[in-house]
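Colleague: Before accepting any label for a structural feature, I should like to see the reasoning behind it. May we go through the arguments one at a time?

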Amino acid sequence: MKKIYQILIVLTVLALIPFQGNAQCKSFAKKVCKLELSPYIHDGNFNAAILTEGEDAELYKTFYAGQNYRIYICGSDALPEIEFQVLDVNRNVLYDNRKNDYSRIWDFDLESSQQLIISLRVKNSEEETDELVSGCVAIMFGIKENVE
Amino acid sequence: MDIKSLHCKALCFLAVVVSALIITGCGSDKNKNKDSEEEVVIESLEIDEQLIKDVKTVKEIFYSLPSPLETAMILKQSGAVYNEELLNPTENVANYVTNKSMALNLGVYTTDLSYASLFDQTQATINYMNASKKMAEGLGILNAIDENIIERLEANINNRDVIMDIISETIMNSSSFFEENDRQAMSTIVLVGGWVEGLYIATNLVGPDVDLNNNELVNRIIDQKLTLSTVVSLLEENKDNEDVITVMTNVNELKAIFEKIEITTSKIEPVTDDETNVTTLKSKTEVKMKPETYYELKEKVKIIRNNFTL
């Protein structure tokens with residue numbers, strides 16, 4: 001009977017891991033990532049996931065003419081560098097952070113509204129280890145009022 | 001009933017709960033990826049085969065709609081004025097008792113809240129925060145809008161930056177709550193409610209004498225054709241939900257009208273200002289839209305919005 005209880009406890013912990021990961025991701029985005037958007041205001045959208053080294057993610061969003069935007073790719077410290085690109089709908093590269101020392105911030109505005117793709121990839125760790133590193137990655141958008 | 005039998009029953013119950021947790025925990029991600037892959041294939045058909053190949057290997061796909069805060073900023077930036085008569089009266093909160101109507105009107109009210117706050121309407125800001133709070137409570141979103149937030153709002157009512165931050169936090173708490181609790185369908189309905197409210201306010205602020213070919217607000221309304229594909233993708237991802245299906249019918253009616261509008265864009269050229277480090281994406285857009293299409297769109301938005309709020 002004792003063994004069965006032990007197995008159930010282990011299973012319960014395993015079952016709760018995904019939920020705990022999501023909650024940690026929110027807390028991380030709120031406490032750490034939002035601060036980096038200043039002086040832009042966070043738009044309020046929550047786009048975050050647990051990614052493992054070598055994994056990638058894409059986000060589709062329309063950006064509007066006349067608005068000032070900041071994209072901030074926020075990853076937990078444990079993760080290796082994160083590559084990110086901004087592409088148009090035909091996948092032409094408009095920005096690549098590898099040409100900018102893996103900067104995680106990009107500020108931009110637009111002459112005409114566009115649907116863009118934010119593509120990111122967690123690089124593989126250079127250190128050889130048995131375990132793959134995972135962590136929260138959030139794609140945050142800041143907007144700024146024009147004060148003209 | 002002896003102790004041994006009680007133990008057995010408790011064990012069985014625990015085993016079922018834990019198994020369900022494991023299955024949903026693992027399954028939700030898997031399904032999400034599967035849906036995303038299927039969705040991307042549909043989206044990409046119009047672009048090219050290589051794109052399908054590239055996207056199919058992507059682990060996570062996000063579709064992001066303009067948040068209520070961004071919608072309000074777009075409205076203001078396009079020269080909109082404040083008109084409280086266009087907002088959904090806060091007295092209507094008592095009418096919303098189903099999950100679908102509360103989710104739609106959480107989106108509607110947070111857009112109204114953002115719009116009122118950007119135009120420094122202090123009393124309306126508090127009223128719409130309270131209305132949003134009631135919708136959030138009805139949906140079981142614990143702590144998204146707690147008493148503390150209302151108090152902070154009242155204490156900082158003349159500080160625009162703090163107000164914006166509180167609204168942004170409220171929107172984030174709601175959307176992340178749905179994500180964490182595997183209720184993406186509700187999150188999508190909230191966003192669609194807010195998006196339709198933005199369209200309703202915008203179309204009603206365009207005066208009858210406006211030149212439809214040369215007006216910033218009309219341009220931003222037309223731009224919603226670009227956002228529409230994201231709205232459709234989000235809804236498609238959650239089409240196993242009954243409430244999403246009915247919202248989808250409304251969105252498809254809008255899609256049929258938006259398809260009559262032609263938008264062509266030149267190649268985008270990114271130009272970075274070395275001093276500010278801000279990049280401008282330079283491009284030109286050409287729009288072909290008949291006036292009757294615009295008025296058809298305005299009428300349809302009104303019908304759908306009234307359907308959401310009445």
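The conversation below takes up the two chains, a helix pair and a sheet.

Colleague: What kind of model is this?

Modeller: This is a predicted model. Chain A contains 1 helix and 9 strands, whereas chain B contains 11 helices and 5 strands.

Colleague: What pattern does chain A follow along the sequence?

Modeller: The order is α-β-β-β-β-β-β-β-β-β.

Colleague: How many of the residues in each chain count as buried?

Modeller: A residue is buried if 20 or more other C-beta atoms lie within 10 Å of its own. In chain A, 41% of the 148 residues are buried. In chain B, 41% of the 310 residues count as buried.

Colleague: Why is H4(B) called roughly antiparallel to H7(B)?

Modeller: Helix H4 (residues 99–118) of chain B and helix H7 (residues 160–180) of chain B pack at an angle of about 170 degrees. Angles over 145 degrees count as roughly antiparallel, and therefore H4(B) is roughly antiparallel to H7(B). The axes of the two helices are 10 Å apart, and H4(B) passes H7(B) in a left-handed crossing.

Colleague: Which residues of H4(B) and H7(B) meet?

Modeller: On H4(B), the residues are Leu106(B), Thr110(B), Leu113(B), Ser114(B) and Ser117(B). They meet Ile163(B), Ile167(B), Thr170(B), Ile171(B) and Ser174(B) of H7(B). The residues of this contact comprise 5 nonpolar, 5 polar and no charged.

Colleague: What is the order of strands in the open sheet?

Modeller: The open sheet has 5 strands in the order S6(A)-S5(A)-S8(A)-S3(A)-S1(B), with mixed pairing.

Colleague: What makes S6 of chain A and S1 of chain B edge strands?

Modeller: Strand S6 (93–96) of chain A and strand S1 (60–64) of chain B each have a single partner strand, so one side of each is left without a neighbour in the sheet. The twist from one strand to the next averages 20 degrees.

Colleague: How do you know that S5 and S8 of chain A pair?

Modeller: Two strands pair if DSSP finds at least two bridges between them. Strand S5 (residues 82–87) of chain A and strand S8 (residues 114–122) of chain A have 6 bridges, in the antiparallel sense, and therefore they satisfy that criterion. Leu87(A) stands opposite Ile117(A) in S8(A).

Colleague: Which helix packs on the sheet?

Modeller: Helix H9 (residues 216–237) of chain B does so, touching strand S3 (56–63) and S8 of chain A together with S1 of chain B. The direction of H9 makes about 140 degrees with that of S3(A).

Conventions
Residues numbered from 1 in each chain as written. Chains lettered and ligands numbered in written order. Predicted model: local features only at pLDDT ≥ 70, side-chain atom pairs only at ≥ 80, totals over all residues. Axes fitted to C-alpha atoms, helices over the stretch in contact; angles between N-to-C directions. Helix = DSSP H or I, 4+ residues; strand = E, 2+ residues; numbered from the N terminus. Parallel < 35°, antiparallel > 145°, perpendicular 65-115°, else oblique. Left-handed = near helix turned anticlockwise from the far one by under 90°. Contact = placed C-beta atoms within 7 Å. Nonpolar A, V, L, I, M, F, W, Y, C, P; charged D, E, K, R; others polar. Buried ≥ 20, exposed ≤ 12 C-beta atoms within 10 Å, placed from the backbone.
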